[in-house]
Amino acid sequence: MYNDLPEEELRVYKSSQICKDDFDAFWEETLDESRRAGGETVVERLPEIGLETLDVYDVTFPGFGGEPVKAWLRTPKNPEGPLPAVVQYVGYGGGRGRAWENLFWASAGFAHLQMDTRGQGSGWSVGDTPDSSGAAGPQVPGVMTKGITSKATYYYRRLMTDGVRAVDAVRGLPMVDPARVAVTGGSQGGGVALAVAGLVPDLSAVAVTVPFLCDFPRATVITDTSPFREISKYLATHRDQVDVVRETLSYFDGVNFAARAKHPAYFSAALMDRTTPPSTVFAAFNAYAGEKEIRVWPYNGHEGGGPDDDHLMRQFLSRILKGVEIYSRP
């Protein structure tokens with residue numbers, strides 16, 4: 001059953017999220033500090049793992065504060081020249097997985113960098129990157145309330161910075177065309193991709209499915225489904241911190257990043273999604289400053305369009321990054 005606004009209201013819905021005056025300065029300083037911290041990107045081709053058409057590389061790049069972050073790079077074998085790249089961020093609880101997983105983008109002819117997710121990677125796929133700068137203090141299990149009383153210590157400051165630095169890293173690889181780089185992700189990965197889209201001005205495109213981390217003011221009061229529930233559960237105990245938490249979250253809301261992003265964008269929303277309610281997705285979509293399109297899945301939950309979203313995103317990114325039209329429909 002439907003559990004949010006009807007679609008005609010979603011199309012015009014606007015979030016009540018605030019944007020503090022120092023939002024841009026905060027993120028500029030955060031990224032400058034991490035870039036100044038230095039660090040080298042290390043790329044090691046894996047020995048033969050049974051993939052006849054693809055190469056896989058183990059990548060370590062400097063993320064937040066210069067801390068090492070892992071990733072997989074997958075590419076077609078023997079490319080004729082520098083490749084367009086897709087940087088992908090992972091959903092909540094997951095990590096970069098195994099080297100032979102997630103071969104879709106490389107099989108479609110892209111260089112595919114799949115970033116690990118610091119401090120996660122045990123919920124449904126494995127990860128290899130610790131959250132070395134993690135803040136101490138009370139938190140609900142999970143990462144949604146980790147360091148949540150300050151924008152300086154909040155977990156997503158580190159993860160979103162890692163996301164930007166992943167784009168920096170992939171642009172420095174010899175097999176990648178730095179002028180043709182897009183970001184993508186679903187759920188948490190979509191939220192990180194939106195953040196990167198708002199922080200990196202010269203991306204080629206962004207493609208997000210059922211993005212999480214959007215419209216915190218509404219999401220935290222209309223759904224009792226995790227991961228948003230971690231925040232409401234925290235505030236049910238820490239009743240005196242509501243204003244502080246709301247202010248922190250405003251620096252990490254996809255709505256505020258979307259308002260700064262001007263790259264072509266593909267969104268998808270699912271009308272029966274209780275994890276990222278469709279109104280929270282439309283809040284970011286409606287705020288998005290660039291050319292945009294959205295696919296609505298009326299009868300789906302948090303899985304969104306699944307493989308059909310993949311196909312539509314492949315059409316979208318092939319057109320922008322390769323100049324190739326793919327006309328078949330799912």
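Me: How do the residues lining the second largest cavity divide into nonpolar, polar and charged?
Reply: Happy to go through it; bear in mind that this is a predicted model. The lining is made up of Tyr89, Val90, Met115, Asp116, Thr117, Leu159, Gln188 and Val192. Asp counts as charged, while Tyr, Val, Met and Leu count as nonpolar. The split is therefore five nonpolar, two polar and one charged.

Me: And what volume does the second largest cavity have?
Reply: Good follow-up, and one to set beside the cut-off used for counting. With cavities of 30 Å³ or more included, the count comes to two. For the second largest cavity, the volume is about 30 Å³.

Me: Which strand gives the most to the lining of the largest cavity?
Reply: Let's start from the residues themselves. Among those lining the largest cavity are Leu54, Asp55 and Val56. A strand covering residues 54–62 supplies three residues of the lining, and that strand is β2.

Me: How many charged residues are in the lining of the largest cavity, and which are they?
Reply: The largest cavity, with a volume of about 80 Å³, has a lining with six nonpolar residues and one polar residue. The charged part of the lining comes to four. Asp, Glu, Lys and Arg count as charged, so the residues asked for are Arg45, Glu48, Asp55 and Lys77.

Me: Where is the residue that a cis peptide bond joins to Ser226?
Reply: The partner of Ser226 in this cis bond is Pro227, and omega is about 5 degrees. Helix α6 spans 216–222 and helix α7 spans 228–237. Pro227 lies in the loop between α6 and α7.

Me: Is Ser187, with its positive phi, buried or exposed?
Reply: Ser187 has phi near 55 degrees, a positive value in a residue other than glycine. Its place is the loop between β6 (176–186) and α5 (188–199). The cut-off for buried is under 20% relative accessible area. Because its relative accessibility is 11%, Ser187 counts as buried.

Me: What is the phi of Val210, and in which loop is Val210 found?
Reply: Val210 is a residue other than glycine with a positive phi, near 35 degrees. Strand β7 covers 205–209. Val210 is found in the loop between β7 and α6.

Me: Why does Val210 count as buried?
Reply: The step needed here is a comparison with the cut-off, since buried means under 20% relative accessible area. Val210 falls within that class because its relative accessibility is 4%.

Technical notes. Residues are numbered from 1 along each chain as its sequence is written. This is a predicted model: local features need pLDDT of at least 70, side-chain atom pairs count only at pLDDT 80 or more; totals for chains, interfaces and linings use all residues. Side-chain values use heavy atoms; hydrogens and water are left out. On a 1 Å grid over the protein atoms alone, a cavity is a set of points where a 1.4 Å probe fits but cannot get out, and a pocket is an open set with protein on both sides within 12 Å along at least five of seven lines; lining residues have an atom within 4 Å of a point. Grid points are joined across faces, edges and corners, and a volume is the space filled by probe spheres set on the points. Helices (H or I, at least four residues) and strands (E, at least two) are DSSP runs, numbered from the N terminus. Buried means under 20% relative accessible area, exposed over 50%, partly exposed in between (1.4 Å probe, protein chains only).
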